[in-house]
Every structure is written in C-alpha cells, then in structure tokens.
Amino acid sequence: MDDDDHVPRSWFPEGLDPGDEVTLNKPTRSEWVIDRLVNKHSYQCADRSLDSYACVLFECHNAAGGQEAFMRVYAQVPHTCYEDADRATRTREATEFTPPELKAYKFLKDKCSQNTPLLLAYKQGSQDSRSGAVPRGHLTWIVWEKVPGDRLGDFKSAFVYWDMDREERKRVREAFLRELPKAQHMGYFPEGARPRNLVWNSDTGALYFVGFRDAEGFKAKGTFGIEWLPRFDLARPPRSYLWNKSFNGDISDWKV
C-alpha cells in the first residue's frame with residue numbers, strides 16, 4: 001500500500017521534519033539534514049508471524065559537505081487490529097529486522113558496484129520504550145547517494161527517454177546494453193525492473209539502476225541483451241512480440 005493517508009506520522013520517531021538533522025553511526029558518524037518528504041509505504045500486516053513495518057523516504061543532504069542523498073527510515077508497526085493495544089502488548093511484538101534494501105546496498109557496496117547508488121550511511125536501533133509505535137521495536141535509517149541524472153520514466157512508460165532525439169536514445173540503449181549484464185551478474189537488481197529504475201546522465205553517458213526497496217539477491221540466468229529493451233520501454237516491438245520468448249535477434253520492426 002502506497003497511500004500517505006494510511007501511514008500515520010505517529011509510527012515514526014520525532015525529528016523527521018524538513019530542517020531536522022539526523023545522526024547516523026555506520027560506517028562512521030555522520031549528520032544528515034532532511035530536505036523534503038518524498039513518499040511513505042506501509043507493510044503493515046495481520047499475520048503475526050510476519051514483520052509488520054512501514055517506511056518513509058526523504059531527500060536530504062550531508063550537514064558537513066552538502067552531498068545530496070536519499071534517506072529511508074523503517075519502523076516496526078503494530079500488526080493490523082493491534083494499533084490500539086496497550087503498551088505491554090505492543091512491546092511483546094518487538095523484533096529485530098534488517099530491511100532488504102539495507103542488505104542490497106551493503107552487498108552492492110562490498111562488491112564495488114559502479115552502476116548503482118552508493119550506500120553512504122545507516123543506523124539500526126530500536127524505538128523508544130514508552131512512546132514508540134512498537135516499544136523497543138526495530139528502527140533503521142539508510143542513506144544512499146542521489147546519482148546524477150534524470151529518471152527515464154515511471155512504472156509503465158520511459159516518457160523521458162521517448163522525448164529525447166534519436167541519437168540520444170541510441171546512447172541510452174548502448175549504455176543499457178553495456179551495464180545490464182554487469183548489474184544482473186552482480187547478484188542484486190531493482191525490484192520490478194521498470195523505466196523508473198533507470199537514471200541517465202547525459203553529460204557523462206552513465207546509466208544507473210536505482211530502486212532497491214524490495215530487492216532480493218539472486219543468481220543470474222540466461223542472456224541480458226536487446227530482448228530486455230522492451231521491459232524498460234527502451235524499445236517498442238510489435239504487439240505480437242512475446243518478451244524473451246523465441247527471440248531471434250531481429251529488431252528491424254521495433255520502434256527505437
């Protein structure tokens with residue numbers, strides 16, 4: 001569920017308003033100033049065997065050097081129908097949890113990935129024992145770099161890409177075909193794999209893969225060539241085309 005109205009502000013700690021400064025302790029102490037709210041997401045669930053949590057995304061910058069970045073804060077929340085339970089009941093639900101996004105960024109940093117955002121800072125702790133939505137429940141902050149460039153589209157359409165001239169689109173496709181195999185064989189890939197997961201820097205010719213909130217590690221199988229272009233709306237084949245099924249390499253009738 002991606003609806004701000006269903007993610008109460010009370011689920012998150014104080015000090016998360018524009019202008020507030022957040023101190024993180026990994027890999028070293030650093031301070032980050034919140035600039036603006038981007039979105040909120042709820043993973044609240046009724047099944048008490050599963051993690052119930054929510055997260056909020058901000059644009060931010062480094063208090064010392066001014067580097068622009070994104071900050072996501074994850075907080076455990078009461079399971080559905082337990083929102084109004086007494087503090088003792090909510091405290092018994094407290095668990096430890098490492099968000100998949102943090103696992104992904106730590107992995108990519110350790111592997112020296114060059115075409116994904118760099119993990120800059122993080123902190124894992126627990127909520128206040130008296131005022132937390134889930135007292136002593138898990139609480140995680142993650143900060144990663146804002147890669148330079150323009151996001152190529154949204155979930156369905158690479159509309160920014162299609163607004164480019166033909167030569168610029170060719171540059172994007174060449175970068176995509178160069179970087180896609182690297183990203184796939186790295187072992188982590190953006191969840192969903194859509195146009196919104198691509199950021200293009202026209203000045204440097206760099207293409208970045210972004211969006212690891214729900215990413216999971218995997219072992220790459222198959223080929224990673226031009227048959228992937230339609231998946232990201234970087235090419236538009238005829239309606240009869242079946243993605244990655246019996247593809248013979250002919251794209252002469254594709255719109256590129």
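**Exercise 1.** Is Asp214 buried, exposed or partly exposed?

*Solution.* This is a predicted model, so every value here is computed.
- Step 1. Take the relative accessible area of Asp214: 25%.
- Step 2. Apply the cut-offs: buried is under 20%, exposed is over 50%, and partly exposed lies in between.
- Step 3. Asp214 is therefore partly exposed.

**Exercise 2.** Find the salt-bridge partner of Asp214.

*Solution.*
- Step 1. The test is a Lys or Arg side-chain nitrogen within 4 Å of an Asp or Glu carboxyl oxygen.
- Step 2. Arg213 passes, with the closest N and O atoms 3.5 Å from each other.

**Exercise 3.** Classify both residues of the Arg178 salt bridge by accessibility.

*Solution.*
- Step 1. The partner is Glu179, and the closest N and O atoms are 3.3 Å apart.
- Step 2. Arg178 has a relative accessible area of 42%, so Arg178 is partly exposed.
- Step 3. Glu179 has 11% relative accessibility, so Glu179 counts as buried.

**Exercise 4.** Place the Arg36 salt bridge in the chain, then extend it to a network.

*Solution.*
- Step 1. Arg36 pairs with Glu59; their closest N and O atoms are 3.1 Å apart.
- Step 2. Arg36 sits in strand 2 (residues 30-43) and Glu59 in strand 3 (residues 53-62). The two are 23 residues apart, and the pair links distant parts of the chain.
- Step 3. Check accessibility. Arg36, at 41%, counts as partly exposed. Glu59, at 18%, counts as buried.
- Step 4. Follow shared partners. Salt bridges join Arg36, Glu59 and Lys146 into one network.

**Exercise 5.** How many salt bridges does a search of the whole structure find?

*Solution.* The search finds 10. Among them are Arg36 with Glu59, Arg178 with Glu179 and Asp214 with Arg213.

Notes
Residues are numbered from 1 along each chain as its sequence is written. This is a predicted model: local features need pLDDT of at least 70, side-chain atom pairs count only at pLDDT 80 or more; totals for chains, interfaces and linings use all residues. Side-chain values use heavy atoms; hydrogens and water are left out. Helices (H or I, at least four residues) and strands (E, at least two) are DSSP runs, numbered from the N terminus. Buried means under 20% relative accessible area, exposed over 50%, partly exposed in between (1.4 Å probe, protein chains only).
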